[in-house]
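Let's work through a few exercises together, with each solution taken in small steps. Have a look at the sequence and the structure before you start.

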Amino acid sequence: MAAVLMKRLLSASGKIQKTGSFITHFNPNPNPNPTSTPFSISCRGIASKLFVGGLSFYTTDNGLSEAFSQYGQVVEATVVIDRVSDRSKGFGFVTFASEDEADKAVTEMNGKQLNGRVIFVDHAKPRARFDDGGMPIARGPPEPAANQ
């Protein structure tokens, strides 16, 4: 999502360079020399994020990454930690470099054991955004109805 927004913003100014379906680099100068770019944007297709539930409290980020790396290139593996108790909440996320690798991991790892616990693996759903008309946030008593 962020890559799509960045692509829209930068392509409007005509300063983005593409190679095939991948963004190679952003250059604010009209000089096409890639060594003078202030930063680079690189993408390898669309990354696919998986939700992993039922994790043991002893599963770490590295352990999660190692368990899923046999199905493809793991970009990121994160076990969600409770801020108060500083312990695992029992679920995490694994991001693969491609959709095919993620699909293979879902079919192979769903229902398998990891660190003594049967895990549940599925494609992650996008985060809920509350600022664009999603779930309302309660801020005091409701306003009175207009047609009373």
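H3 lies across E3, E5 and E8, running at about 150 degrees to E8. Here helices (H or I, at least four residues) and strands (E, at least two) are DSSP runs numbered from the N terminus. Axes are lines fitted to C-alpha atoms, for helices over the stretch in contact, and angles run from 0 to 180 degrees between N-to-C directions. The model is predicted: local features need pLDDT of at least 70, side-chain atom pairs count only at pLDDT 80 or more, and totals for chains, interfaces and linings use all residues. Residues are numbered from 1 along each chain as its sequence is written, and side-chain values use heavy atoms, leaving out hydrogens and water.

**Exercise 1. Find the order of the strands in the open sheet, and say which strands are at its edges.**

Step 1: Recall that strands of a sheet pair through backbone hydrogen bonds, either parallel or antiparallel. Two strands count as paired if DSSP finds at least two bridges between them.

Step 2: Read off the order of the 4 strands, which is E4-E5-E3-E8, with antiparallel pairing.

Step 3: E4 and strand E8 (120-123) are the edge strands, as each pairs on one side only. On average, neighbouring strands are turned by 20 degrees against each other, direction ignored.

Step 4: Zoom in on E3 and E8, an antiparallel pair with 4 bridges. Leu50 stands opposite His123 in E8.

Step 5: Add H2, which packs on the sheet and touches E3, E4, E5 and E8. Its direction makes about 140 degrees with that of E4.

**Exercise 2. Describe the largest nonpolar core and the elements that build it.**

Step 1: Such a core is a set of buried Ala, Val, Leu, Ile, Met, Phe, Trp, Tyr and Cys residues joined through side-chain atoms within 4.5 Å. Buried means under 20% relative accessible area, exposed over 50%, and partly exposed in between (1.4 Å probe, protein chains only).

Step 2: The largest core has 19 residues, and those with the most contacts inside it include Val52, Leu64, Phe68 and Phe96.

Step 3: Two or more residues come from each of strand E3 (48-53), helix H2 (61-68), strand E4 (74-81), strand E5 (88-96) and helix H3 (99-109). H3 gives the largest share, 4 residues.

Step 4: Follow Phe96 outwards through its contacts (heavy atoms within 4.5 Å). Not counting residues up to four places away in sequence, Phe96 touches residues including Leu50, Phe68, Val74 and Ala105.

**Exercise 3. Classify the ring pair of Phe51 and Phe91.**

Step 1: Rings of Phe, Tyr and Trp (its six-membered ring) pair if their centres lie within 6.5 Å; planes under 30 degrees apart are stacked, over 60 edge-to-face, and the rest tilted. The count by this rule is 5 aromatic pairs.

Step 2: The centres of Phe51 and Phe91 are 5.7 Å apart and their planes are at 35 degrees, so this pair is tilted.

Step 3: Phe51 lies in strand E3 and Phe91 in strand E5, so the pair ties together parts that are 40 residues apart in sequence.

Step 4: Phe51 is partly exposed at 25% relative accessibility, and Phe91 is partly exposed at 24%.

Step 5: Ring pairs also link Phe51, Phe91, Phe93 and Phe120 into a cluster.

**Exercise 4. Is Asp86 buried or exposed, and where does it lie?**

Step 1: Asp86 is in the loop between E4 and E5.

Step 2: Its relative accessibility is 62%, so Asp86 counts as exposed.

Step 3: Phi of Asp86 is near 60 degrees, a positive value in a residue other than glycine.
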